[in-house]
Number of protein chains: 2
Amino acid sequence: MRISELSRRSGVSIPTIKYYLRDGLLPAGRPTAANQAEYDEEHVRRLRLIRSLIGVRGLSVSATRDVLAAVDEQQGDVHLLLGLVLGALPVERSGRPPRRDGAAEPDGAGAAAGDVAEDVAALTAEMGWRTSPNPPAAQVVAETLETMRALGMDYDWRSLVPYAELADRAARLDLDQLRDAGDPLQQAERAVLLTVLLEPALLALRRLAQEHHSALRFGNG
Amino acid sequence: MRISELSRRSGVSIPTIKYYLRDGLLPAGRPTAANQAEYDEEHVRRLRLIRSLIGVRGLSVSATRDVLAAVDEQQGDVHLLLGLVLGALPVERSGRPPRRDGAAEPDGAGAAAGDVAEDVAALTAEMGWRTSPNPPAAQVVAETLETMRALGMDYDWRSLVPYAELADRAARLDLDQLRDAGDPLQQAERAVLLTVLLEPALLALRRLAQEHHSALRFGNG
DNA sequence: TACGATGGATAGTGCCACTCACCACTCCAG
DNA sequence: CTGGAGTGGTGAGTGGCACTATCCATCGTA
């Protein structure tokens, strides 16, 4: 098929497809002439995956490119793939730089960084989790603890243990669903989708539950 | 204190503080002269809260403004506050419009929207959750299910039930921590922080657990 | 052989979170 | 008293990002 059909089948506009081609998100079609190329089902599939990561989940284009590269390169080894994917993903938001220069630390903060890192180490030790040396996710947990403290909440790593237990179960659920998959490429895609695409849904479920239990506890009508 | 001390105490640059003042994120100081105003501890506190929501969590400025307005207006009623906060929050990402016009639905999709909504209704019924009529979070769950299907995964609402149970426990943990708080304003802030700021940390914990269990199951050295 | 579609490339758009520059004015050290 | 740093307020500018618009030579079908 050519680009117009690819656009129709995927729901992505032609200029956007060209943009993805240029930026290396979508592999080029098989060229049939100087200005003609042939696309196949794999391109449709990849385009839909790209739109899910960028449009539904809100990943940046560059993060998406890294994730896709990991999918392509490590189709065989799920553990390696997950490692690459987790490394390529921005853990918190759209990948903004965490701190621009010039904005100094507020008064009295700044020295607590190592402190919080130790807290996270204590938490992972308590959970019995063995991970790579400095996973970005641990940094996020540390930042959260630090922020909580800077805002005056007395929050230490022990408060997170019950949540970590829930996370442990969620992770086991995730991995259970990686068993039944087709070829390595599909399994790789499935791993990415379960990890990445499920994230907003999990948070949304938490919010629904919060609303329910909030009504139960504080409701007055 | 004046603006330079406010900047030093909060770690936010003076132009940014002016920007927040202009956009209504930060209330104006008490004016003492035509071009002089006095800021207090509450401003420092509010600024740190703003930076946490925008910088750490990645909320947009307008979403942050809505959340702060909810905190200010509904300090007394925690359930009402949570409702407003959950309504003001962009559930998935930074609040981008979900679909620009012109990008048509891909082939064969588009009619399944009501279908997925029913699935979410079934899920909340199964969980016994009672929520407001059309919570944005339910929309997110529906979108996720729709995306999964469009990508060829046979994923129905039953697959989400175990996750929903985890979300239920997480929500109860959240609400447990709202008991011991000081004045209504602090309790309102605490509710916001627990709901919003904990989100990246929860996802990060899931990733740490995924890495651990992935190594256990698929590890080869 | 006309004519719309194609691929490739360059430049432009819109949005957003700041950031800069300027101004009249105030404060305070000398 | 005075001069220079600081202050508030405002309009305009910046940089990054995800597209989007416009061209153009060429292709391929009618």
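Which residues come nearest to DNA strand C? Of the 23 residues around DNA strand C, the nearest are A:I3, A:S4, B:Y19, B:S60 and B:V61. Here a residue is near a strand if its C-beta atom, placed from the backbone, lies within 6 Å of it. Two or more residues of this surface come from each of α1 and β2 (36–38) of chain A and α2 and β1 (30–33) of chain B.

This is a predicted model, in which local features need pLDDT of at least 70, side-chain atom pairs count only at pLDDT 80 or more, and totals for chains, interfaces and linings use all residues. Residues are numbered from 1 along each chain as its sequence is written, while chains are lettered from A and ligands numbered from 1 in the order in which they are written.

**The two DNA surfaces**

DNA strand D is surrounded by 24 residues. The closest are A:A34, A:S60, A:V61, B:I3 and B:S4. At least two residues each come from α2 (14–22) and β1 (30–33) of chain A, and from α1 (3–10), α2 (14–22) and β2 (36–38) of chain B. The table gives the makeup by class. Ala, Val, Leu, Ile, Met, Phe, Trp, Tyr, Cys and Pro count as nonpolar, Asp, Glu, Lys and Arg as charged, and the others, Gly among them, as polar.

| Surface | Nonpolar | Polar | Charged |
|---|---|---|---|
| near DNA strand C | 10 residues | 10 residues | 3 residues |
| near DNA strand D | 10 residues | 10 residues | 4 residues |

α2(B) gives the most to the surface near strand C, with 3 residues. Near strand D, the largest share is 3 residues, from α2(A).

**Chain A and its helix α3**

Chain A has 9 helices and 2 strands. Helices (H or I, at least four residues) and strands (E, at least two) are DSSP runs, numbered from the N terminus. Of its 221 residues, 43% count as buried. Buried means that 20 or more other C-beta atoms, placed from the backbone, lie within 10 Å of the residue's own.

Helix α3 of chain A covers residues 41–56. Its 16 residues should span 22 Å at 1.5 Å a residue, and its end C-alpha atoms are 21 Å apart, which agrees. The expected span is 1.5 Å times one less than the number of residues. Among the buried residues of α3(A) are A:H43, A:V44, A:L47, A:I50 and A:L53. What covers the buried residues of α3(A) includes α1 (3–10), α2, α4 (61–73) and α9 (184–218) of chain A, together with α7 (136–150) of chain B. Just after α3(A), A:G58 takes a positive phi of about 90°.

Note on methods:
A residue is buried if 20 or more other C-beta atoms lie within 10 Å of its own, exposed if 12 or fewer, and partly exposed in between; C-beta atoms are placed from the backbone. Two residues are in contact if their C-beta atoms, placed from the backbone, lie within 7 Å.
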